[in-house]
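Colleague: I'd like to learn how to read a few features off a model. Could you take me through some, one at a time?

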Amino acid sequence: MKKWWWMALALLGIPAMATDVVTSKTIGLGLANDLAEASVEVCRQDGYQVSAVVVDRHGILRTAMRDDLAAKYTLQIAQEKANMTIMSGLKSGQFRQMREDIRQELNHIDGLIVMVGALPIVAGGTTIGAIGVSGAPGGEKDERCAQAALDQFQDRLDFAM
């Protein structure tokens with residue numbers, strides 16, 4: 001009897017609990033580790049001691065790496081930059097530039113900071129996470145290290161399933 005009830009709903013065009021199960025792509029730990037390590041290494045080659053943090057598409061920490069002499073708080077700042085990227089869907093610096101009017105208010109939200117230095121991680125047109133870097137003298141240098149890491153592993157992002 002129940003079988004006919006569902007068939008009737010389907011024929012009437014009523015979706016049958018279409019959101020009971022949601023499938024989404026997110027960054028795996030292996031790629032997250034590789035991106036963080038590459039970011040730290042690029043900055044180290046430029047003479048900067050930084051931290052790199054990768055969060056998944058929901059802003060959940062996947063990996064965090066602090067170079068030997070990077071300041072303690074660079075980990076927190078890197079993660080908060082990455083969270084801003086997840087929240088906005090944009091590079092953290094791009095968001096800062098576009099929304100200077102609410103920057104101060106957003107900086108008071110736990111887990112967010114509006115600073116340059118984080119980028120979305122995109123695979124197959126889907127944002128699967130974000131990488132934030134902190135510790136170089138200027139967010140544009142942090143962002144450059146994150147971008148170099150993304151460029152280094154672009155083939156893995158392009159062919160991610």
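Colleague: Leaving out residues up to four places away in sequence, which residues does threonine 74 touch?

Modeller: This is a predicted model, so keep in mind that we're reading computed values. With sequence neighbours up to four places away set aside, threonine 74 touches Ser51, Arg66, Ser134 and Gly135. Threonine 74 sits in helix α3, residues 74-88. One partner also gives a polar contact: the side chains of threonine 74 and serine 51 come to 2.7 Å.

Colleague: Is threonine 74 buried or exposed?

Modeller: Buried means under 20% relative accessible area. Threonine 74 has 7%, so it counts as buried.

Colleague: Now helices. Which residues of α2 are buried?

Modeller: A general idea helps here: an α-helix has 3.6 residues a turn, so residues three or four places apart point the same way. In α2 the buried ones are Leu31, Ala32, Leu35, Ala36, Ala38, Ser39, Val40, Val42 and Cys43. Their cover includes strands β1, β2, β3 and β4, along with α6 and α7. As for length, α2 has 17 residues and spans 24 Å between its first and last C-alpha, close to the 24 Å expected. Just after α2, glycine 47 has a positive phi of about 90 degrees.

Colleague: Which cysteines form a disulfide?

Modeller: Look for two sulfur atoms within 2.5 Å. Cysteine 43 and cysteine 145 fit, with their sulfurs 1.9 Å apart, and the count for the structure is one disulfide. Cysteine 43 belongs to α2 and cysteine 145 to α6, so the pair ties together parts 102 residues apart in sequence. The S-S torsion is about 110 degrees, which means the disulfide is right-handed. Cysteine 43 is buried at 0% relative accessible area, and cysteine 145 is buried at 0% too.

Colleague: And how many salt bridges does the structure hold?

Modeller: Eight. One of them joins aspartate 34 to arginine 156, the closest N and O atoms being 2.5 Å apart. That pair links helix α2 to helix α7, 122 residues apart. Aspartate 34 is partly exposed at 26%, and arginine 156 is partly exposed at 34%.

Colleague: Which residues are linked in a network of salt bridges?

Modeller: Glu41, Arg44 and Asp67. Within that network, the side chains of aspartate 67 and arginine 44 meet at 2.4 Å, N to O. Aspartate 67 lies in the loop between β2 and α3, and arginine 44 in α2, 23 residues apart. Here the burial is mixed: aspartate 67 is buried at 2%, whereas arginine 44 is partly exposed at 38%.

Note on methods. Residues are numbered from 1 along each chain as its sequence is written. This is a predicted model: local features need pLDDT of at least 70, side-chain atom pairs count only at pLDDT 80 or more; totals for chains, interfaces and linings use all residues. Side-chain values use heavy atoms; hydrogens and water are left out. Helices (H or I, at least four residues) and strands (E, at least two) are DSSP runs, numbered from the N terminus. Buried means under 20% relative accessible area, exposed over 50%, partly exposed in between (1.4 Å probe, protein chains only). A polar contact is a pair of N or O atoms within 3.5 Å; within protein, one must be able to donate a hydrogen and the other to accept it, and residues adjacent in sequence count only if both atoms are side-chain atoms. Contact means heavy atoms within 4.5 Å. The expected span of a helix is 1.5 Å times one less than its number of residues. A salt bridge is a side-chain nitrogen of Lys or Arg within 4 Å of a carboxyl oxygen of Asp or Glu.
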